[in-house]
Each structure stands twice: as structure tokens, then as C-alpha cells.
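Work through the exercises below with the sequence and the model side by side. Each task is followed by a stepwise solution.

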Amino acid sequence: RGKTLSNLRIGVMGGTFDPLHHGHLVAASEVAGRFDLQRVIFCPSGAPWHKTTPTTSAEDRYLMTVIATAADPRFEVSRVDIDRDGPTYTVDTLRDLHEGFARAHPHDSAEWFFITGADALTEIVGWHEPDGIIERAHLVGVTRPGHQLADPGLPEGVVTLIEIPALSISSSDIRQRVSEGKPIDYLVPEGVARWIRKHLLYADHQHSGGAS
Ligand code: NAP
């Protein structure tokens with residue numbers, strides 16, 4: 001007989017992370033505590049299919065995410081979305097991670113939680129293969145307190161919404177601050193602030209007025 005099955009609880013933190021900030025880290029940590037997750041895999045998006053404004057290169061966003069999460073033993077970063085050609089669809093993210101897990105841990109099973117901004121989740125019924133997403137993960141939408149949310153129109157029990165006060169920090173505000181020469185100390189991890197300075201990211205960011 002094989003080894004005893006162990007059931008892991010794994011979070012998948014999906015986002016553009018342009019750049020990753022302390023709100024994302026607090027959200028991942030809070031959701032990990034709430035759902036008793038042993039690990040949270042951050043998945044920086046490849047080409048976000050729905051965005052018209054250019055984002056920072058996938059490699060810069062990936063490396064800033066690695067720098068920001070390196071010290072926490074619960075956190076990992078995956079390249080599945082940035083290495084896959086074409087637009088990033090969450091159903092592919094989850095399919096790739098499930099397959100990778102099954103290969104690496106043939107004797108274990110896992111319960112999956114897809115974590116992202118609640119604003120993004122409200123549009124999920126319009127995403128590619130929403131049923132494939134729902135059957136592969138419980139959805140967790142994180143949002144700042146008091147933020148009014150549209151009803152995602154999902155069946156009961158499929159999604160949990162959690163308020164995270166630290167999410168008053170936003171990537172768009174950080175990009176804007178850098179472009180205006182304002183400080184971003186304490187909004188992002190020190191290593192991320194240094195990476196932004198070293199590579200002159202967002203210095204000529206044109207404020208697009210978009211959501212992120
Ligand atoms: P977005 O539209 O850039 O973000 C919407 C809002 O959610 C912003 O306020 C953003 O704040 C926040 N947010 C995004 N990710 C977050 C996270 N992990 N934790 C906390 N707040 C977060 O959304 P996005 O980043 O492009 O997409 C979010 C995820 O949904 C990604 O994994 C993406 O691949 C997936 N998605 C999939 C489809 C599809 O399958 N068709 C379509 C759209 C999105 P910040 O800017 O501060 O992060």
C-alpha cells in the first residue's frame with residue numbers, strides 16, 4: 001500500500017502585481033489564517049487579456065513578487081501564467097497548478113482556494129470557462145472595508161468575501177506616486193521599492209484612470 005493520503009489546503013493568489021504591495025501580503029496571510037492554508041502560491045498574470053494599457057514586463061512583476069514573498073515559508077511564486085503563451089485565463093492557472101501538484105505529490109490530495117481582488121471576481125461569470133474555475137477552487141474575494149461590491153451572480157457557497165483594511169494600499173496609487181516622485185516607503189516591501197528605483201519602473205507612468 002502507498003503512503004497515507006494527506007490533504008493539503010492550498011491558496012492561489014492571482015493578480016497582476018504591478019507592483020506587489022503590503023496589502024497583497026496582508027490579504028494572503030489573513031486568508032491563509034482564515035482557511036488554515038499550508039501554502040499560498042502567488043501567480044503573477046502573463047498578458048492580462050482584459051487590459052488595454054500596457055503593464056510592466058512579466059519578468060519584472062515576477063521578480064518583485066519573489067523578492068516580496070521570499071521570507072515567508074508559507075508563500076511561493078509560480079511562473080505558470082507568465083510562461084504560458086497567450087492571455088491569462090484563471091481556468092488554465094488552476095489546471096496547470098493541479099497537474100503540477102499531482103505530478104509532485106502523487107499520494108496526496110489538495111483542496112484549492114483561488115484568492116483575488118473582489119472587484120475582479122465580480123466579473124467571473126464572463127471569464128473563460130467559469131464552471132471549470134468553480135469546480136477546481138473555492139473563490140475568495142478580498143476587498144477593502146466598506147467597498148460596495150456588485151453581485152458576482154454565483155451560486156451560494158462558491159465565493160467568500162473578506163475585508164482587508166490593508167487593501168487601502170493599491171498598485172495604481174503606488175504607480176502614480178512613483179511617477180510624481182512621491183515616497184512609497186512602507187507601502188511596498190523594501191526590496192520591491194529598491195527594484196522599482198533600480199529599474200526606473202513607473203517613472204514615466206501615464207495615469208490611465210483605470211481600476212489598477
Ligand atoms: P485587476 O482588474 O487589475 O484588479 C481589480 C482590483 O482587484 C484592483 O483593485 C486590484 O488591486 C485588486 N486585486 C487584484 N488582484 C488582487 C489580489 N491578488 N489581492 C488583492 N487585491 C487584488 O485584476 P487583475 O490583477 O488583472 O486580475 C486578478 C486575477 O484574476 C488574476 O489572476 C487574473 O489572471 C484573473 N482574471 C482572470 C480572467 C479570466 O480568466 N478570463 C479575467 C480577469 C482576471 P491592485 O491593483 O492593488 O492589485
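Two strands pair if DSSP finds at least two bridges between them. Helices (H or I, at least four residues) and strands (E, at least two) are DSSP runs, numbered from the N terminus. The model is predicted: local features need pLDDT of at least 70, side-chain atom pairs count only at pLDDT 80 or more, and totals for chains, interfaces and linings use all residues. Residues are numbered from 1 along each chain as its sequence is written, and side-chain values use heavy atoms, with hydrogens and water left out.

**Exercise 1. The sheet**

Task: give the strand order of the open sheet, name its edge strands, and locate bridge partners.

Solution.
- Step 1. The six strands of the open sheet follow the order β3-β2-β1-β4-β5-β6, and the pairing is parallel.
- Step 2. β3 (75-77) and β6 (159-163) are the edge strands, each pairing on one side only.
- Step 3. On average, neighbouring strands are turned by 25 degrees against each other, direction ignored. Axes here are lines fitted to C-alpha atoms, for helices over the stretch in contact, and angles run from 0 to 180 degrees between N-to-C directions.
- Step 4. Six bridges pair strand β1 (residues 7-15) with β2 in the parallel sense; Ile 10 has Arg 39 of β2 as its bridge partner.
- Step 5. β4 and β5 run parallel and are joined by five bridges, and Ile 115 is partnered by Val 140 in β5.
- Step 6. β5 also pairs with β6 in the parallel sense over five bridges, where Val 142 has Ile 162 of β6 as its bridge partner.

**Exercise 2. Strand β5 and Thr 143**

Task: is Thr 143 buried or exposed, and what does Thr 143 touch?

Solution.
- Step 1. Buried means under 20% relative accessible area, exposed over 50%, partly exposed in between (1.4 Å probe, protein chains only).
- Step 2. Thr 143 belongs to strand β5. Because its relative accessibility is 8%, Thr 143 counts as buried.
- Step 3. Contact means heavy atoms within 4.5 Å. Not counting residues up to four places away in sequence, Thr 143 touches Ala 118, Leu 149, Ile 162, Glu 163, Ile 164 and Leu 167.
- Step 4. Five of the six residues of β5 are buried, so this strand is largely enclosed by the rest of the structure.

**Exercise 3. The nonpolar cores**

Task: which residues touch the most other members of the largest nonpolar core, and which elements give two or more residues to this core?

Solution.
- Step 1. A nonpolar core is a set of buried Ala, Val, Leu, Ile, Met, Phe, Trp, Tyr and Cys residues joined through side-chain atoms within 4.5 Å.
- Step 2. The largest core has 33 residues, of which Val 40 and Phe 42 touch the most other members.
- Step 3. Two or more residues each come from α1 (22-35), β2 (39-44), α2 (58-69), β4 (109-117), β5 (138-143), α7 (171-179) and α8 (190-198). Helix α1 gives the largest share, six residues.
- Step 4. Leaving aside neighbours within four places in sequence, the contacts of Val 40 include Met 13, Ala 28, Ala 32, Phe 75 and Ile 115.
- Step 5. A second, separate core of 19 residues includes Val 12, Ile 41, Trp 127 and Ala 137.

**Exercise 4. Helix α7**

Task: which residues of α7 are buried, and what covers them?

Solution.
- Step 1. Ser 171, Ser 172, Ile 174, Arg 175, Gln 176 and Val 178 are buried in α7.
- Step 2. Their cover includes α1 and α8.
- Step 3. Just after α7, Gly 181 has a positive phi of about 75 degrees.
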